[in-house]
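Me: I want to learn how to read cavities and pockets in a protein model. Can we go through one together?

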Amino acid sequence: MISSLRIPEVVPAGRMAGMEQPVFGLPSGLELRPWRPSDADVLVAAGREPAIRQWNRLLVETPGDARRRIERMHERWHAELSAMWAIARPGEEAMGLIGWGDVDLTGGSAEIVYWILPAARGGGVVVEAAKRVSEWALNDLGLHRLRLCHSVANPASCRVADKAGFAFEGTMRSALLHADGWHDEHLHALVQGDI
């Protein structure tokens with residue numbers, strides 16, 4: 001027998017769009033803040049960095065492309081489709097990106113995306129940022145399930161997932177097309193109550 005009960009929305013429509021995108025301080029002294037037009041050159045540099053291009057499919061070639069992408073970040077926040085933050089020292093330009101793509105408020109889920117420029121790698125910055133945006137997504141926004149997916153050929157992202165508390169759930173075969181072909185991906189997840 002099919003139930004006549006309606007499945008409730010996990011997060012009501014309008015909740016995200018109705019709030020200002022927060023700025024978060026991190027224990028390292030860095031902050032997570034909305035992207036600014038003045039960060040356009042950082043996006044261009046990231047789009048040219050081989051490892052970022054390989055794992056993130058970031059196609060930004062000119063400052064104009066970057067400014068349009070930053071505008072879309074803000075539009076997608078208000079459309080409740082994604083939430084992207086710049087990782088930066090207070091008052092300085094961005095050194096990385098972290099946030100939530102594929103936001104589904106009704107179903108209560110999202111997928112984390114991130115990259116960090118080479119000069120900022122190795123100090124646990126991405127792990128710290130991943131923990132903070134996960135706490136916000138689960139506890140403040142009210143999502144139920146967060147995904148972290150990465151190519152099995154990217155062990156650095158596997159370490160980020162583990163250190164940020166995302167449980168390994170399995171391997172998705174031939175799940176994402178990269179420039180060098182189809183990659184199997186690891187699926188990690190964090191659910192309400194894990195943190």
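Reply: Start with residue classes: Ala, Val, Leu, Ile, Met, Phe, Trp, Tyr, Cys and Pro count as nonpolar, Asp, Glu, Lys and Arg as charged, and the others, Gly among them, as polar. This is a predicted model, where local features need pLDDT of at least 70, side-chain atom pairs count only at pLDDT 80 or more, and totals for chains, interfaces and linings use all residues. Residues are numbered from 1 along each chain as its sequence is written, and side-chain values use heavy atoms, with hydrogens and water left out.

Me: How many cavities of 30 Å³ or more are there?

Reply: On a 1 Å grid over the protein atoms alone, a cavity is a set of points where a 1.4 Å probe fits but cannot get out; a pocket is an open set with protein on both sides within 12 Å along at least five of seven lines; lining residues have an atom within 4 Å of a point. Points join across faces, edges and corners, and volume is the space filled by probe spheres set on them. Here the count is one cavity, of about 30 Å³.

Me: What lines the largest cavity?

Reply: Gln21, Trp35, Met73, His74, Trp77, Ser82, Ala83 and Met84. Five are nonpolar, three polar and none charged. Helices (H or I, at least four residues) and strands (E, at least two) are DSSP runs, numbered from the N terminus. α3 (63-78) gives the largest share, three residues.

Me: How much space lies in the largest pocket?

Reply: About 1300 Å³. Of its 42 lining residues, Trp55, Asn56, Val113, Tyr114 and Trp115 are the closest to the centre. β5 supplies the largest share, six residues. The lining divides into 21 nonpolar, eleven polar and ten charged residues.
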